[in-house]
Amino acid sequence: MSVNEGSYQKLQNEDTLSTVSFYPPLPKQKSPSTPRSWAWIALFITVILVLLLKVAFLGYVEYYAHQKTGVVAELEKLKFNPVSDFDFDESCFSAKPTSSNYEDNVAELLHKALVSSENPKGFNGSVPLSVAKISYKTCLHDNQKRWDLDEMIETVNEHILENSTMEEIANTVALFWSHFNVETFFKFSVKPNFYDPESENRFLIYVEPNADFAHEGTINPPVLDKKVLNLRGRRNFQQARLVSQSIKKLAEIPVDSSDWQVLSVDTATGFDFDFKTLFKVILQDQEKINYEHVKFVITNPEYVQNLGLLLRTTSAPVLKELFMAQLQTSFQADFDDCVNAINKYLPQVANVLYMDKLNDTEVRLIRQNFITVFDLLTRFVKNAVAPYLSNEAEVTFIRDRLDRLGLSTEVPDYLQMDVARVEFDKRHKGISVTPSSSWLVQLLRFRRFDVSAQLEFLTISEVLRDMAILNIPQTSTKITYSRMGNWLAVPVAAMMRYEYSDRIDLLLEIATELVRSVDSDSFKWASYGVRRVTNKTLTPEGLIMHEKCFAKHSVAQIDYPVYAAANATFNTLVVVDPSPFASGNLANDILEAIVTYPKTISRERIATAWAVRNNMESCNTIDVLNCFREVPGSPI
């Protein structure tokens, strides 16, 4: 599918994303000449009948949606954490909204660099920087971009999924990622070969469930927005809502890395999804990559099988609505936030411009203080997990894994070398724009460049540990941990939160990832490198039972490390600031950090345990503390 690089014409119908009222309006009520006239009675009966018909028809539509999509039958087969029978008060704790002031300040620095006519020292005349600045200004001032997006969506809508065959579905999934950089049922990433790092295939394509595909919710519910979905009738709307909920449930089922499967396009025949078509379309424009030699990893085989069953019982119009919703919301985000678009698709450009706006001496001093605190936090994480270890071998493994954990708080190595400018331009030689092009056309080029840059790893014969962090911009305020490789990326903007923003939240986030790095699944991975341990000699029964207890109390798998992380954060900050006043308020401050925004029952259950263990008032009286009691173990 090609995209016209000229200016798109304004759509004839300006309301193409809206829906027509599904029910005709009730007749206007006229004043009767006589209160008890037969006309008045007939009108009243008519209104009642219309309302009853509406209720009955909606019930039929809901029933039809269930039957058509097969959602009910499939949901009954899914494995979810058992719902606790405790009487839990969800309104017990108030959630503290995350402050955006610091993030806004980081974005403002990058904005100033993008609109400046000056380039950082050593980068004068750099084509990639010029391209980024031209495109950024286009994004800010392109008044036609909303209409361009509407026309592109209408064009795509006309050319995809005429039928819901597995081949057409796979073709559409591939097209959306390779052409638009939009992930649908799967998240795609290129990472080192965990199974056989020394083989010919040093990198593999990892295929993971995508819980965010047209997700439903109350904060940002694109799948429930009729205008976004461009639905034609309530029946499709109901089915799309149910399918979206099902995909989210399927994607959130916990998975064990032992279940990962390494496949080639010829050996993926056991799944109810057309992976052969998927990768053939994704790689069709990649001249350096031999399609037949590519290997990929299915990280959740059960998700793929259940997804296949769901897709076979879902009509093409419903699937099309979900695809178009995902396309709309993805591009809309980059239209609304031009700075973030540069961060996502040109992270190294963002690095060069952002770091030039910072004071090198200040950053170096903050990094020194941060690393000191990080080392202290790591020690307390070791102590926090010690009660759940059963023997000296487990203690040694945990100690070794934390000691070998790679910490990144700087730009990639090549940007710190004398050849930074040459290497920078070389890595971005594939991007170019025409100043007269619309923002949509330029954005499409950046998105495709990002996909191609990821796929290019498949051609690399040497695996370096910092390759995994190349696409993480230093403007990001988020922490990223990778179990594969055992490294933790704390971008510069995130690191500087320690001095200028939410210090407690930052340390709790880092401690959470540190605890995650030594959970029961970590025993299946080497402490250094990307290899998974094949000959397991350690089975951490204490950690496994601890995690099963969390599951019984409906604590989400992603939140398993939070309680131990809170203890490590508390002990670290007591050492950093031992004053009685600071220590007295610290437990409450950590409680607020535990209860995230928007609130979840999972986090509130952990907050309840934290409050009770620290002798704080809590309106919840349930007993969740059996997950947090200490068991005999060796101190690390």
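**Exercise 1: a helix pair**

In which hand of crossing, right-handed or left-handed, does H6 pass H9? Describe the packing of the two helices too, and list the residues that make the contact.

*Solution.* A word before we start: you are working with a predicted model.

Step 1. Take the handedness: the crossing in which H6 passes H9 is right-handed.

Step 2. Next comes the geometry. Two packed helices are described by the angle between their axes and the distance between the axes. For helix H6 (residues 166-180) and H9, the angle is about 30° and the axes are 8 Å apart. Angles under 35 degrees count as roughly parallel, so H6 is roughly parallel to H9.

Step 3. Now list the contact residues. H6 contributes Glu167, Ala170, Asn171, Val173, Ala174, Leu175, Trp177 and Ser178, while H9 brings Thr277, Leu278, Val281 and Ile282.

Step 4. Sort them by class: the contact of H6 with H9 has eight nonpolar, three polar and one charged residues.

**Exercise 2: another helix pair**

Are H4 and H13 roughly parallel or roughly perpendicular to each other? Find the residues in their contact as well.

*Solution.*

Step 1. Helix H4 (residues 127-141) and helix H13 (residues 347-356) cross at roughly 90°, and their axes come within 10 Å.

Step 2. Angles of 65 to 115 degrees count as roughly perpendicular, and H4 and H13 are therefore roughly perpendicular to each other.

Step 3. On the H4 side the contact is made by Pro128, Leu129, Ala132 and Lys133; on the H13 side, by Val349, Val352 and Leu353.

Step 4. The class tally for the contact of H4 with H13 is six nonpolar, no polar and one charged residues.

**Exercise 3: the surroundings of Asp272**

Where is the place of Asp272, and which residues does Asp272 touch, not counting those up to four places away in sequence?

*Solution.*

Step 1. Asp272 sits in the loop between S3 and H9.

Step 2. Check the exposure. Buried means under 20% relative accessible area, so Asp272, with 19%, is buried.

Step 3. Leaving out residues up to four places away in sequence, Asp272 touches Met166, Gln305, Gly308, Leu309 and Arg312. Take Leu309 from that list: Asp272 and Leu309 are 37 residues apart along the chain, and their C-alpha atoms are separated by 7.4 Å.

Step 4. Look at the contact with Arg312. Arg312 and Asp272 form a salt bridge, with 2.8 Å between the closest N and O atoms. This pair links distant parts of the chain: Arg312 is in helix H10 (residues 301-312), Asp272 in the loop between strand S3 (261-264) and helix H9 (275-282), and they are 40 residues apart.

Step 5. Compare the exposure of the partners: Arg312 is exposed at 54% relative accessible area, whereas Asp272 is buried at 19%.

**Exercise 4: a salt-bridge network**

Which residues do salt bridges with shared partners join into one network with Arg483?

*Solution.*

Step 1. Begin with Asp519, whose side chain meets that of Arg483 in a salt bridge (2.9 Å, N to O). Asp519 lies in the loop between helix H20 (503-516) and helix H21 (541-552), and Arg483 in the loop between strand S6 (480-482) and strand S7 (487-489), so the pair ties together parts 36 residues apart in sequence.

Step 2. Test both for burial: Asp519 counts as buried at 16% relative accessibility, and Arg483 is buried with a relative accessible area of 18%.

Step 3. Arg483 also meets the side chain of Asp521 in a salt bridge (3.3 Å, N to O). Here, too, distant parts of the chain are linked: Asp521 is in the loop between H20 and H21, Arg483 in the loop between S6 and S7, 38 residues apart. Asp521 is buried, at 14% relative accessible area.

Step 4. Put the pieces together: through shared partners, salt bridges join Arg483, Asp519, Asp521 and Lys524 into one network.

**Exercise 5: one residue, then the whole protein**

Is Thr329 buried or partly exposed? How many salt bridges, helices and strands are there?

*Solution.*

Step 1. Thr329 lies in helix H11 (residues 316-336) and is partly exposed, with a relative accessible area of 27%. Thr329 and Val182 are 147 residues apart in sequence, with 9.8 Å between their C-alpha atoms.

Step 2. Now zoom out. The count comes to 19 salt bridges, and the protein has 24 helices and seven strands.

Step 3. Of the 636 residues in the protein, buried ones make up 51%. Among contacts between residues at least 6 apart in sequence, 77% join residues at least 24 apart.

Notes. Residues are numbered from 1 along each chain as its sequence is written. This is a predicted model: local features need pLDDT of at least 70, side-chain atom pairs count only at pLDDT 80 or more; totals for chains, interfaces and linings use all residues. Side-chain values use heavy atoms; hydrogens and water are left out. A salt bridge is a side-chain nitrogen of Lys or Arg within 4 Å of a carboxyl oxygen of Asp or Glu. Helices (H or I, at least four residues) and strands (E, at least two) are DSSP runs, numbered from the N terminus. Buried means under 20% relative accessible area, exposed over 50%, partly exposed in between (1.4 Å probe, protein chains only). Axes are lines fitted to C-alpha atoms, for helices over the stretch in contact, and angles run from 0 to 180 degrees between N-to-C directions. Angles under 35 degrees count as roughly parallel, over 145 as roughly antiparallel, 65 to 115 as roughly perpendicular and the rest as oblique. A crossing is left-handed if the near helix is turned anticlockwise from the far one by less than a right angle, and right-handed if clockwise. Contact means heavy atoms within 4.5 Å. Ala, Val, Leu, Ile, Met, Phe, Trp, Tyr, Cys and Pro count as nonpolar, Asp, Glu, Lys and Arg as charged, and the others, Gly among them, as polar.
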